[in-house]
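Student: Could you take me through one part of this model in close detail? I would like to see how a single residue fits into its surroundings, and then how that compares with what lies on the outside.

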Amino acid sequence: MFILWYLLIGLAAGFVANWIVGGSRQRLWVNLLLGIVGGVWGGWILSLLGLIPEGSWGGFVCAVFGAMLLLWMARQIMGRSRSHSDSEEA
């Protein structure tokens, strides 16, 4: 039953992070993956800073934080690859 709860938190975190960052409408599985990976990554980063999320809300905030970082990094990489490919075509 807990796995279902984590999937729901990951899905909600992916949607919220996408909404905060102002991303395009992603597919359901992309938001789910983004939230789950963001939760793991966000938890790791916060633990390095000495912050450990507790409870469902802490996990949700941690997942949103990690998912936002992932979205930001993806945009930076995609922006560079687009500008690089545009300069090659010119």
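Tutor: Let's start at A17, which touches V64, A67, M68 and L71, leaving aside residues up to four places away in sequence. Keep in mind as we go that this is a predicted model. A17 also belongs to the largest nonpolar core, a set of 9 residues. Among its partners there are V64, A67 and L71, and the core also takes in I9, A13, L34, F60 and A63. Helices α1 (2-21) and α3 each supply at least two residues of this core, and α3 gives the most, with 5 residues. As a general backdrop, nonpolar side chains in soluble globular proteins tend to be buried together.

Now turn to the surface. I3, L4, W5, Y6, L7, L8 and I36 form a nonpolar patch there, with about 690 Å² of accessible area together. Helix α1 provides the largest share of this patch, 6 residues, so α1 contributes to the core as well as to the patch. I3 is found in helix α1, and it counts as exposed because its relative accessible area is 62%, where over 50% is the cut-off.

A friendly word on confidence, too. The protein chain has a mean pLDDT of 77, with 80% of its residues at 70 or more. Confidence is lowest in helix α3 (residues 55-89), at a mean of 75, and highest in helix α2 (residues 28-48), at 81. Where pLDDT is low, the predicted coordinates should not be read in detail.

Conventions: Residues are numbered from 1 along each chain as its sequence is written. Side-chain values use heavy atoms; hydrogens and water are left out. pLDDT is the predictor's confidence in each residue, from 0 to 100. Helices (H or I, at least four residues) and strands (E, at least two) are DSSP runs, numbered from the N terminus. A nonpolar core is a set of buried Ala, Val, Leu, Ile, Met, Phe, Trp, Tyr and Cys residues joined through side-chain atoms within 4.5 Å. Buried means under 20% relative accessible area, exposed over 50%, partly exposed in between (1.4 Å probe, protein chains only). Contact means heavy atoms within 4.5 Å. Patches are made of residues with over 30% relative accessible area and no salt bridge: like charges are joined within 9 Å, nonpolar side chains (Val, Leu, Ile, Met, Phe, Trp, Tyr) within 5 Å. Accessible areas come from the Shrake-Rupley method with a 1.4 Å probe; for residues, only the protein chains shown count as cover. A salt bridge is a side-chain nitrogen of Lys or Arg within 4 Å of a carboxyl oxygen of Asp or Glu.
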